[in-house]
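Please walk through this model with me, one element at a time. The sequence and the coordinates come up next, and the text after them starts from a single backbone angle.

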Amino acid sequence: MTDSKYVYLDYNATTPMDPRVIEVIQKHFKQTYGNASSLHTVGKRAHQILEESRETIASFINADKDDIFFTSSGTEADNLAIKGVAFKCKDRGNHIITSSIEHHAVENPCKELEKFGYKVTFLHVDKYGLIDLNELENAITDKTILITIMFANNEIGTIEPIKEIGAIARKHDVIFHTDAVQAIGKVPIDVKEMNIDMLSSSAHKLYGPKGIGMLYIRNKGKREGWGKYIEPLMHGGEHERKMRPSTEAVPLIAGYAKAIELCKEDMTKEMERQIKLRDKIIKAVTENIEDSYLHGHPTQRLPNNVNLGFKYIEGESILLSLDMEGIAASTGSACSSVSLEASHVLLAIGLRPEEAHGSLRISFGRFTTEEEVDYFLEKLPPIIERLRKMSPLKKGVKYMFDESSESGHHH
Ligand SMILES: *Cc1c(COP(=O)(O)O)cnc(C)c1O
């Protein structure tokens, strides 16, 4: 796929585009230049591609075509869902329920709303990252207007009990939104069967282009049901039935639909293949490297994600050493990113900040081969060993975050 000497294991950050998607996008950038709102032939042609793409994407999650609203990204879809409901429903209530492990695209809009008088409950998660359904139900009040809980976590891979959350929301007449950016194309999703009212997706997490996403809003197309409980964030033209004005990016949307089509074709096969790779990594690392741990749920997790903890060393150092071997991964150690904080997800599952800084996220996908996984498994142990030798936190030395000489891990 990419440079053959480079092993890309960071698919949860973004996926490489499938060449078949690139082909479709290139074709449409050349041919389908019309504005989908224009009445002439090239405009009508663009409109047709737009609506066919909408249908392909809708049917993949068993949604009605007119309930799909294209946005510029997953982040925008999350903001539209959360703020759109909050603004429209402020007379009905001001309470939102979410989890403590959401992506920033959900967490930060919720926090922003707190500045405007909204109350947000951040549900706890257990050591696997699962919310507690009783805590959810008990948190609902007559002021609750929205429950927003992610389908699958981007860092630790844990899959939440979506259908059950949806059932509780229905029972209490509360809108249920789920950020499914990491789940779509990896595990089966049926918005009707799973009681989902709103769902966010982003093309670049499923081999499509960056800069295009969508929000599903149940019954919005019919102008009834939950649809009347959300309003647009932007005001402009009549695009996307006034929910999201601005000229539709038809070539990107066509690429998004192509990417979804390809996921539909190979999802069952890829799930099986990737689960094997995932479990191979988990077994090889936790059995062969001392003081290493799996973060997240052992089985109720994304097929393509492994999150590992290594005592005594920093994820950032592991990352840089892997990069020198031509391997790309990710870490919950935010030392490597702009902020100095440990990942809020790893803290929420009960890790201490020092432990969270020793985490390594491996995420892979369609183009990852078993040889690449084996290459990673060959390169990792000596890296861990070398870093531990240099570590001031290594065994036998009294270090800041482990008071007990047993070095007992809480898991
Ligand atoms: C990547 C991601 C997003 C953001 O999607 P963008 O299209 O990059 O804005 C939101 N939620 C989750 C869970 C993600 O993994």
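Just after helix α8, G326 has a positive phi of about 80°. This is a predicted model, in which local features need pLDDT of at least 70, side-chain atom pairs count only at pLDDT 80 or more, and totals for chains, interfaces and linings use all residues. Residues are numbered from 1 along each chain as its sequence is written, and side-chain values use heavy atoms, with hydrogens and water left out. Helices (H or I, at least four residues) and strands (E, at least two) are DSSP runs, numbered from the N terminus.

Helix α8 itself covers residues 315-324, and G315, I318, L319, S321 and L322 are buried in it. Buried means under 20% relative accessible area, exposed means over 50%, and partly exposed lies in between (1.4 Å probe, protein chains only). The buried residues of α8 pack against β10 (305-310), β11 (327-328), β12 (359-363) and α11; contact here means heavy atoms within 4.5 Å.

The next element is a sheet. Seven strands form an open sheet in the order β2-β8-β7-β6-β5-β3-β4, with mixed pairing. Two strands count as paired if DSSP finds at least two bridges between them. The edge strands are β2 (68-71) and β4 (119-123), each of which pairs on one side only. From one strand to the next the twist averages 20°. Helix α3 (residues 74-88) packs on this sheet and touches β2, β3 (95-99), β5, β6, β7 (198-202) and β8 (213-217); its direction makes about 160° with that of β7. Axes are lines fitted to C-alpha atoms, for helices over the stretch in contact, and angles run from 0 to 180 degrees between N-to-C directions.

Within the sheet, β5 (residues 144-148) and β6 (residues 175-179) run parallel and are joined by three bridges. I147 has F176 in β6 as its bridge partner. Strands β6 and β7 are likewise parallel, with three bridges between them, and D179 stands opposite S200 in β7. On the other pairing, β7 and β8 are antiparallel over five bridges, and L199 stands opposite Y216 in β8.

How many of the residues of β7 are buried? The count is five of its five residues. In a regular strand the side chains alternate between the two faces of the sheet. In β7, M198, S200 and S202 are on one side and L199 and S201 on the other, and all are buried, so both faces of the strand are covered.

Two residues already met in the sheet come up again at the ligand. T75, D179, Q182, S202 and K205 come nearest of the 13 residues around the ligand, where near means that a heavy atom of the residue lies within 4 Å. Side-chain polar atoms of three residues approach ligand oxygen atoms: Q182 at 2.7 Å, S202 at 2.6 Å and H204 at 2.8 Å. A polar contact is a pair of N or O atoms within 3.5 Å; within protein, one must be able to donate a hydrogen and the other to accept it, and residues adjacent in sequence count only if both atoms are side-chain atoms.

Polar contacts also occur around T158, in the loop between β5 and α6 (162-171). T158 is buried, with a relative accessible area of 0%. Its side chain has a polar atom 2.6 Å from the backbone oxygen of Y128, and the side chain of T158 also reaches the backbone nitrogen of H297 at 3.3 Å. Beyond its neighbours within four places in sequence, T158 touches residues including L130, F151, N153, Q300 and R301.

Charged pairs remain. Side chains of opposite charge can pair when their charged atoms come close. A salt bridge is a side-chain nitrogen of Lys or Arg within 4 Å of a carboxyl oxygen of Asp or Glu, and the count comes to 26 salt bridges. One of them joins R278 and D279 at 3.0 Å, N to O; R278 is buried at 4% relative accessibility, whereas D279 is partly exposed at 34%. In helix α7 (residues 250-288), K283 and E287 lie four residues apart, about one turn of the helix, and form a salt bridge with their closest N and O atoms 3.5 Å apart. E287 is exposed at 55%. A network of salt bridges links E51, R54, K65, D66 and E240.
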